[in-house]
Amino acid sequence: MSPDELLIALIVVLGVFSALFALPTAILVVVKRLAKRQDELADATARQLTSLRNEVHKQRKLLQQMVAGVQPPLEPKATPVAVPEPVVPPAASEIPSEPQRPTEPAMVTATPPLPHPTGPARAFAIGHPDRLRPVREPEIREPSRFEAAARAILLRIWNWLIVGEEHRPTGVSMEFAIASTWLLRVGVVILVMGIGFFLSYSINRGLIGPMGRVGLTILAGVTMLTAGVRMLGGRYHRFGEGLIGGGFASLYFSIFAAFHFFHLIDATPAFALMVLVTVCAGTMAVRVDSMLVAVLGLLGGYGTPVMLSTGEVNFIGLFSYVLLLGLGVLAVSYKKQWHFLNYLCFLGTYGLFFGAMSSYHDADFWQVMPFLIAFFVLFSTMVFLFNLLHGTKSTLLESVGLLVNAGIFFAVGYCLIDSAFGYRWVAALTVPLAAFYVAHVWFFLVRRLLDRELLFCFSGLAAFFLAVTIPLILSAQWITVSWALEAFVILWIAGKLQSHFLRHVAYVLYLVVVGRFCLVDLPGQYAAAAPRLDVPLSEYFWLMLQRLMALGIPIASLAGAFRLLRSPGATSSLAVDRANDMTAWVRDRWAVRAAAAGVAALLFVFLHLELNRTFGDLYPPMRLPALSLLWIAMCVFLMQEYLARPSEILLGLLTLFGLGLVAKLLWFDLPSWRLAVETQRYGGVYSPLDAAMRLLDFGVVIALLGLVFRRLRGEGDARSVGRLSGCCALALLFVFLTLELNTFLNGYLPEFRAGGVSILWSLFALGLLLAGIWRDLKPLRYTSLALFAVVVWKVFSSDLAHLDQIYRIVAFLTLGVLVLCGSFLYLKHRSTFATKMPPSEESKP
């Protein structure tokens with residue numbers, strides 16, 4: 001390193017540490033100003049509270065006098081007291097109360113007005129002496145134990161950074177605490193860096209031999225250790241801690257330089273010496289209960305490869321050294337819960353790792369990947385080791401640490417494996433990760449360890465990596481299938497373990513499955529509208545079978561989830577303790593209804609698209625009737641569900657599907673048969689096969705509407721839906737018969753077409769009349785009479801001019817007989833239409 005580079009490095013280091021020293025000082029000044037401002041606000045609030053208490057006491061006396069029937073003395077109108085929000089409730093002992101009524105709430109009258117007080121007793125505002133209106137108090141959310149513990153840990157870390165202790169020292173000024181702590185830290189770091197720069201300078205200049213350089217560094221480290229140990233327990237105890245930390249950092253320098261640069265010792269003794277230094281540093285830090293010793297030693301350990309860098313990266317040597325430092329911190333975490341030390345180790349390890357990865361090539365994969373795995377396992381264990389051994393509940397910081405460590409490992413591992421072998425081999429990373437976290441969950445359940453947050457993290461990470469594995473192994477067509485099966489398995493395990501958390505994980509995964517099913521799978525399978533008969537029939541059916549499996553298995557999985565939620569089985573002996581579980585956000589009955597609705601909706605959409613595709617390819621005349629049968633099945637299902645469990649939602653869905661079925665018949669099916677509205681006939685040559693398909697299409701719809709009318713006509717709220725269904729059934733029957741007969745006669749007997757339609761309408765009117773008389777339904781009878789009138793008008797205005805002689809005779813004779821039959825029915829059932837005589841008429845002789 002040249003003198004210019006050395007000067008620049010010193011300036012940069014001094015600038016960084018100056019910024020670190022100035023930042024806490026500035027923050028301290030801001031905090032003191034905020035504290036002063038808060039004290040002023042507290043004094044003002046206290047004065048206002050005193051005034052408020054006096055006013056409440058006065059109003060209470062007035063209320064008691066009003067209850068006792070004594071007229072209170074008139075007082076001048078008072079000015080309302082301004083109260084800041086929110087108001088701290090006064091203590092019960094500070095508010096005077098009458099012994100006769102100790103529990104009466106504070107109340108105010110219209111004059112003078114009083115601000116709304118808060119407290120254990122609910123406040124009331126009075127607009128009239130006889131009317132009380134409760135005032136809702138604002139709810140203040142209290143932080144949970146999970147959040148409060150994390151906040152306390154961060155506060156202790158902040159205190160240690162500022163004043164060198166986890167709690168603010170008493171009996172000394174803040175100036176002394178900050179100055180003594182930071183001057184010591186900066187001085188030790190600069191001293192250790194100076195030793196490192198001396199080694200680098202002597203190497204470049206050749207001033208001292210390798211043995212002399214290493215010996216001087218060891219001597220400096222031992223001297224600092226000796227002086228620091230002698231100062232422990234006395235007035236300069238803190239100073240001694242700093243020297244001890246600097247001494248250990250110097251020893252790291254010397255051993256690393258002796259092995260890596262000068263090659264004075266082999267790898268085995270160098271490793272043994274580093275282990276010895278690490279063990280001594282950790283033991284000393286724990287024995288004297290000084291995080292400063294551990295932090296300074298760790299900073300020196302991580303700074304050694306940086307300051308003694310030659311520009312060439314030895315992955316095995318560097319990462320072995322860094323792993324050794326991490327194992328030392330792990331040993332310290334066995335006894336001490338020093339979060340700052342763990343975070344410093346995490347940043348230092350991954351900082352050196354990413355710095356060294358700038359020289360990485362694919363050929364170095366097997367030199368890097370094992371150490372990356374070791375770092376991951378190290379920090380995964382370090383996060384919760386102290387909590388596990390000492391029975392301490394985890395906080396938000398532990399959960400975040402687990403997630404960040406897993407995220408870094410997976411991201412880096414994905415890039416390394418994808419670059420070296422291809423992305424499908426990433427599954428070799430995700431499967432062991434899922435097994436790693438599943439083993440943690442199993443360990444917690446077997447040992448009955450109560451730590452809900454850690455168990456949630458382990459379960460969630462296991463489910464995540466298992467879900468990520470599936471797209472890596474399988475093709476895109478089977479991803480949804482695999483996720484659906486995984487969700488079903490997780491839900492089954494949740495039922496056995498009685499775990500609300502796993503159950504909600506399964507819910508989330510099912511939402512992902514449904515989303516991918518609707519947005520990816522269905523468009524991918526059915527987007528192409530062209531026929532698929534360009535392949536052999538055997539291959540066509542094989543493709544259809546694959547399509548049925550890819551789309552049917554997710555629906556079957558959701559149906560299985562419905563079954564599990566509706567009829568949960570016996571629980572396992574490893575059931576999750578309630579203290580380790582979460583509260584249920586989604587109620588079981590909501591989940592059951594959602595699963596049932598999801599199965600019905602997905603199955604309907606899937607079958608609609610599949611029937612449309614299959615019959616459109618294989619037998620087009622059957623396509624529309626098959627779709628009508630599917631819609632009818634859905635309507636019957638909704639009707640049966642409504643009859644079993646009446647609900648406005650089910651009734652509304654039944655109405656929508658019924659209207660949709662009718663709209664499909666009129667706007668899609670009829671145009672597909674080339675209906676000409678002007679002539680009221682189907683296009684093309686009349687075909688009995690097409691007529692049979694139309695009969696099937698219209699017939700099933702009319703039958704459904706008749707069934708709905710029969711089942712719902714007396715069902716309270718559904719009566720109107722039943723009547724509407726009956727009217728639609730008659731209208732569709734009339735339209736179908738008219739169109740079909742008109743088309744048939746036009747093809748086989750065109751001269752009798754107009755008369756045949758008139759006869760049909762007369763028969764239909766006669767049938768309506770007969771049903772109306774039998775059921776005593778005026779709407780049917782009136783419709784019948786109107787249709788008879790239309791037939792008579794049609795016969796004399798149109799049929800008379802267009803029918804041949806013989807057909808005119810047949811038509812008129814038939815129509816005349818039918819009309820007379822209508823009259824005969826009225827005469828035969830005359831008693832049905834008898835009306836009561838008015839009372840005035842009955843009294844006449």
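Here is a short conversation about how some labels in this predicted model are earned.

Visitor: What should I know before we start?
Guide: This is a predicted model, so local features need pLDDT of at least 70 and side-chain atom pairs count only at pLDDT 80 or more, while totals for chains, interfaces and linings use all residues. Residues are numbered from 1 along each chain as its sequence is written, and side-chain values use heavy atoms, with hydrogens and water left out.

Visitor: Which elements have the lowest and the highest mean pLDDT?
Guide: pLDDT is the predictor's confidence in each residue, from 0 to 100. Strand β1 (residues 124-128) has the lowest mean among the elements, 42, and helix α18 (residues 623-644) the highest, 90. Helices (H or I, at least four residues) and strands (E, at least two) are DSSP runs, numbered from the N terminus. The protein chain averages 74, and 70% of the residues score at least 70. Over residues 75-141 pLDDT stays under 50.

Visitor: Why is alanine 600 called buried?
Guide: Buried means under 20% relative accessible area, exposed over 50%, and partly exposed in between (1.4 Å probe, protein chains only). Alanine 600 has 16% relative accessibility, so the label is buried. This alanine lies in helix α17 (residues 588-618).

Visitor: What is alanine 600 in contact with, beyond its neighbours within four places in sequence?

Guide: Contact means heavy atoms within 4.5 Å, and by that rule alanine 600 is in contact with Met634 and Phe637. Phenylalanine 637 is 37 residues away in sequence, with a C-alpha to C-alpha distance of 9.1 Å.

Visitor: What makes arginine 547 and glutamate 610 a salt bridge?
Guide: A salt bridge is a side-chain nitrogen of Lys or Arg within 4 Å of a carboxyl oxygen of Asp or Glu. In this pair the closest N and O atoms are 2.8 Å apart, which fits. The pair links distant parts of the chain, with arginine 547 in helix α16 and glutamate 610 in helix α17, 63 residues apart. Arginine 547 counts as buried because its relative accessibility is 6%, and glutamate 610 is buried as well, at 5%.

Visitor: How many salt bridges does the structure hold?
Guide: Five. Another of them joins arginine 694 to glutamate 740, where the closest N and O atoms are 2.9 Å apart. Arginine 694 lies in helix α20 (residues 688-712) and glutamate 740 in helix α21 (residues 719-748), so the pair ties together parts 46 residues apart in sequence.

Visitor: Why are arginine 645 and glutamate 641 called partly exposed?
Guide: Arginine 645 has 46% relative accessibility, so it counts as partly exposed. Glutamate 641 has a relative accessible area of 23%, so the label is again partly exposed. Their side chains meet in a salt bridge of 2.3 Å, N to O.

Visitor: Is arginine 674 buried or exposed?
Guide: Arginine 674 is exposed, because its relative accessible area is 51%. This residue lies in the loop between α19 (648-672) and β3 (675-676), and has a positive phi of about 60° although it is not a glycine.

Visitor: How do you know that the span of helix α22 agrees with what is expected?
Guide: The expected span of a helix is 1.5 Å times one less than its number of residues. Helix α22 (residues 753-775) has 23 residues and should span 33 Å; its end C-alpha atoms are 33 Å apart, so the two agree. Just after α22, aspartate 776 takes a positive phi of about 55°.
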